[in-house]
Amino acid sequence: MKKGGYLDLFLTFARIGGFTFGGGYAMLPMLQKEVVENRNWATEEELLDYYAVGQCTPGVIAVNVATFIGHKEKGILGGIVATLGVIAPSFFIILLLAAVIRNFADNVYVAHALAGIRVAVAALVANAVMKLWKKSVKDILGIAIFVLVFLLSLIFSVSPIWVVVGAIVFGLLYGRFAPSRKGGAK
Amino acid sequence: MEVFFLLFYEFFKAGLFAIGGGLATLPFLYEMADKYTWFDVSILSDMIAISESTPGPLGVNMATYAGYNCGHAAAGVPGGILGALIATLGLITPSVIIIIMVAGFLKKFQENKLVTDAFYTLRPAVTALIAVACFTIIQTAMLNIPAFQAGGGLLTLFHIPAILLFALLFIAMNVWKKIHPIVFIAVAAAAGILLQL
């Protein structure tokens, strides 16, 4: 199989989708491993950018990020292939459960396994956040933004859309009126 | 036959207007339960339980499950499979189109100063959003808030085996950085069954 071909794209995202328990953020550690470290399809910074766009565009975040990375690698068809890859495993699993085992979620072993998986996801995402912090928070301004957004989101449940819009407006104003920053965002 | 067109239309609408992740599709599913005879509200809680206990994006899981139920009611098992396919594709079509447009735009303007300025402050902000999500995940995995609120004392708040497992996994993934996340997930699932978490 050719690395970086359509089949590779599909299978990589199928692997990511098949082991993402609990929504878009739980996908982050898998993306860092498969997409950033193993295949160099995107950098950590780009992943963050995709999450930012995924937050304020419609649809499921995991799908949005898959479309983004597929599109970056292989254009429009790549975006579609990566998206189909990320949803394929859960599609077949749900189909099977809906058709055959309707009380799957009530099974006691499933419940215990899931409790364990939730702990692993918590540790994996905590680790992922530490990696992201190193790449995205580069100065006092970054720390201030992080702390402010963390508190606004945690305590006041401010919608992610407003956070993203606010950060963009602030970034544009800051770039316009404080041009002393060197090197740009890269 | 027309039920399948309706199904596509309804899930396309949900995919177009549900902003910010899987649970944002819930209000649309409640509306569908109200409007059609495909499934009722009691099945919705089953759907959420199944979606949360299987891998994959929550919104997609819900669409597949709801689509199967609806198609099954109309035309048996083949109808269910077709319904699942149509509902799932309906849900993701709007966001795929929008993201491909945005991605094309960003590719063209990624060196533009306005875009780099915007992302410079956006990245720490999004890191904070993900950190909050992480905080919530840690809370549900390791704290037993209902038992604490019921007056069980401070010790009942902490789910000690889960906290120990978290610490072990976290140390392990920082010592052996090459190990794939799938391995940790599999180990934790086994530990969950053994320790009856």
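These are my notebook entries on a predicted model with chains A and B.

**Entry 1: the overall form of chain B**

I began with chain B and its secondary structure. I counted nine helices and zero strands there. Read along the sequence, the pattern is simply α-α-α-α-α-α-α-α-α.

Next I looked up the dimensions. The radius of gyration of chain B is 21 Å, whereas a compact globule of 197 residues would come out near 16 Å. Along the principal axes, the C-alpha atoms of chain B fill a box of roughly 55 × 50 × 35 Å.

I also checked burial and contact range. Of the 197 residues in chain B, 51% are buried. Among contacts in chain B with a separation of 6 or more, 46% come from residues 24 or more positions apart.

**Entry 2: the interface of A and B**

How many residues of chain A are in contact with chain B? I found 95 on the chain A side, and they meet 86 residues of chain B. The area buried between the two chains is about 8,400 Å². Carbon and sulfur atoms give 78% of that area.

I then turned to polar features. The rule finds 15 residue pairs in polar contact across this interface, counting pairs with both residues at pLDDT 80 or more. On the chain A side, the elements that give two or more residues are α1 (6-18), α2 (28-38), α3 (44-56), α4 (61-99), α5 (108-136), α6 (140-156) and α7 (160-177). By residue class, the chain A side divides into 64 nonpolar, 20 polar and eleven charged.

**Entry 3: the salt bridge between the chains**

I searched the interface for salt bridges, and the rule finds one. Which residues form it? The side chains are those of Asp49(A) and Arg123(B), with N to O at 2.8 Å. The pair runs from helix α3 of chain A to helix α5 (residues 113-142) of chain B.

Are these two residues buried or exposed? Asp49(A) has a relative accessible area of 8%, so I noted it as buried. Arg123(B) is buried too, with a relative accessible area of 8%. A general reminder for my own margin: side chains of opposite charge can pair when their charged atoms come close.

**Entry 4: salt bridges within the chains**

Over all chains, the search of the whole structure gives ten salt bridges. I picked out some that lie inside a chain.

In chain A, I looked at Lys131(A) and Glu37(A), whose closest N and O atoms are 3.1 Å apart in a salt bridge. This pair links distant parts of the chain, with Lys131(A) in helix α5 of chain A and Glu37(A) in helix α2 of chain A, 94 residues apart. Lys131(A) counts as partly exposed because its relative accessibility is 29%. Glu37(A) is also partly exposed, at 37% relative accessible area.

In chain B, I looked at Asp117(B) and Lys113(B), which form a salt bridge with their closest N and O atoms 2.7 Å apart. The two are four residues apart in helix α5 of chain B, so about one helical turn separates them. Asp117(B) is buried, with a relative accessible area of 4%.

I also found a network of salt bridges in chain A that links Asp8(A), Arg15(A), Glu34(A) and Arg39(A).

**Entry 5: Thr83(A)**

I looked up Thr83(A), which is found in helix α4 of chain A. The relative accessible area of Thr83(A) is 1%, so it counts as buried. Which residues does Thr83(A) touch, not counting those up to four places away in sequence? On the chain A side I listed Val63(A), Ala66(A) and Thr67(A), and from chain B I listed Ile92(B) and Val96(B).

**Entry 6: Phe166(B)**

My last look-up was Phe166(B), placed in helix α8 (residues 160-175) of chain B. Phe166(B) counts as buried because its relative accessibility is 15%, and the cut-off for buried is under 20%.

Leaving aside neighbours within four places in sequence, Phe166(B) is in contact with Val119(A), Ala122(A), Ala123(A) and Ala126(A) from chain A. In chain B, the contacts of Phe166(B) are Ile138(B) and Met142(B). I also noted a C-alpha separation of 9.1 Å between Phe166(B) and Ala188(B), which are 22 residues apart along the chain.

Methods
Residues numbered from 1 in each chain as written. Chains lettered and ligands numbered in written order. Predicted model: local features only at pLDDT ≥ 70, side-chain atom pairs only at ≥ 80, totals over all residues. Heavy atoms only, no water. Contact = heavy atoms within 4.5 Å. Buried area = accessible area lost by both parts, 1.4 Å probe. Salt bridge = Lys/Arg side-chain N within 4 Å of Asp/Glu carboxyl O. Polar contact = N/O pair within 3.5 Å; in protein donor to acceptor, adjacent residues only side chain to side chain. Nonpolar A, V, L, I, M, F, W, Y, C, P; charged D, E, K, R; others polar. Rg over C-alpha atoms; globule rule 2.2 N^0.38 Å. Buried < 20%, exposed > 50% of the residue type's maximum accessible area, 1.4 Å probe, protein only.
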